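Here are a few friendly notes on the enclosed space in this model. Have the structure open as you read, and take the points in order.

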Amino acid sequence: MNPLATPTPHSEPTEVVGSGFLPPDDALRAALHNEVHARPSARIRLPALIIYVAVLNEGVTRDMECAHLRQLPGQGGLLPEQLQDSFLRLRGQGFTVKWERHTEFTRYSIVQPLPANISLGAIEPDLMVHLALPADWLRQIPGRTVAAVQLAMVHAPLDDAPTLMAQAIAWLGGRSVVASLMGSSAANVAGQGAEGSGQQGYGHPLGHSWALTQFRLQADGFERMLVIAPEGTSQTRAGRIAQRLLELETYRLMALRGLPVAKALGPLLSNSERALAAITARLESKSATDQELLDTLVALAAGVERATAENSYRFSATQAYYTLVGQRIAELREKAIPGTQTVGEFMQRRLSPAMATVLATAQRLASLSERVARTSDLLRTRVDIATEVQNQQLLEKLTRGQETQLRLQSTVEGLSIAAISYYVISLLLYGGKALKAAGLPINPELAAGALVPVVLWAVWRTTQRIHSRLHAPD
């Protein structure tokens, strides 16, 4: 029997039909309205086995994923247009495949009935031999695996807690487990803490199901999770439990992708900080030329900006995934089972330091970029001041040159008056000689000598009038 029943009508997106009562719809109204229904929870009939794989989809197109989904039995006519909503549920004989595409990864969930021989009571059963699909289909999923989980969901009463815990540990391989009583109300959690003892600490009146895992990769590459719920657990609740647990693990691993990046940036940031300190010291002591400092600072700024451009998205995505992890943990409404850590407590104690490292690295990179910018401003100010001094010196030289030129011009002008006067007197002398030769009783030399003061005054006066006209306002 197919464990995944037909979704309830309210979980399917509805098409907004225009009416005569409203203005025309915005182009995005229907898409935004139906976004809340974009990825409805499955309805899972227990006992069930869910094989879940999340792969990074960088370089993987929807057409490639559609071609892979077409390899499923009975899905040869699947069209790429059917994958445009980033969610698709395909039903087969005895199984259901759910496909979901996100920004960085794509999730594939295979839901099928759990065979009785691998149910609670079995000792570390081999789950993959019961996979309803060929193993090659999983292996050929386009992308690189980031998360893979085998989630078994079984029915069992929660009253005999010690026996139930022993069976669950055996099913998971006999190693220590992380376990939570899910669905506890805030009042119940406050009334009975994790240090409670006896069977009452396990009591199902405080919650609706158990979730157990080891957060370890098995030899087949999968993690294992086990959910135990009493008879009468609804299919919708089972679907929500599975979705939260699988999303929790996926978002945890996606959040941790920022940790290797942060660790790799550590040496670069340390070297850059030391280099910036050295540049600042040389700038303060004026032990290097502006060009040398500028070349060094430009190279440092380029490296910092490149690191920022390459890693800012990863750091932002890490923070977003970490926020989602916290939300999914809160939705579990956990209560501790005596002798074990809760899923949220185990995860946060190991995830929080990693996220703190990523956050500190992101802040360190941003701070370094700001300090490089401030040092650039200081160097620019120093260059501007030096330029202003040079411009002032140049203006002073130009002023002195103009003054010298003016004095030279005055000297030349005086010489010019003398020269012009000499030529005028020479002309008068030649005129007097011509008149004497014509028979007039005149002494040319005496007349020319008498006219010298008059000529000098006339030339000087003419020069002054020319200056007055040149300097007169328009």
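1. Helix 6 makes the largest contribution to the lining of the largest cavity, giving four residues. Please keep in mind that the model is a predicted one. This cavity has a volume of about 150 Å³. Of its 15 lining residues, those closest to the centre are Lys98, Ser109, Ala242, Gln243 and Leu246.

2. Helix 6 (235-255) has company around this space: strand 1 (48-56), strand 3 (95-101) and strand 4 (105-113) also give two or more residues each to the lining. How do the lining residues of the largest cavity divide into nonpolar, polar and charged? There are eight nonpolar, four polar and three charged residues.

3. How many cavities of 30 Å³ or more does the count give? The count is two, and the second largest holds about 50 Å³ of space. Its lining is made up of Ala211, Leu212, Thr213, Phe215, Met225, Leu226, Leu245, Leu248, Val343 and Met347.

4. Helix 6 turns up again here, as one of the elements that give two or more residues to the lining of the second largest cavity, together with strand 7 (209-213), strand 8 (223-229) and helix 9 (343-437). For this cavity, though, strand 7 gives the most, with three residues.

5. A last point for your chemist's eye is the makeup of that second lining. Nine of its residues are nonpolar and one is polar, with no charged residue, whereas the lining of the largest cavity includes three charged residues.

Notes
Residues are numbered from 1 along each chain as its sequence is written. This is a predicted model: local features need pLDDT of at least 70, side-chain atom pairs count only at pLDDT 80 or more; totals for chains, interfaces and linings use all residues. Side-chain values use heavy atoms; hydrogens and water are left out. On a 1 Å grid over the protein atoms alone, a cavity is a set of points where a 1.4 Å probe fits but cannot get out, and a pocket is an open set with protein on both sides within 12 Å along at least five of seven lines; lining residues have an atom within 4 Å of a point. Grid points are joined across faces, edges and corners, and a volume is the space filled by probe spheres set on the points. Ala, Val, Leu, Ile, Met, Phe, Trp, Tyr, Cys and Pro count as nonpolar, Asp, Glu, Lys and Arg as charged, and the others, Gly among them, as polar.
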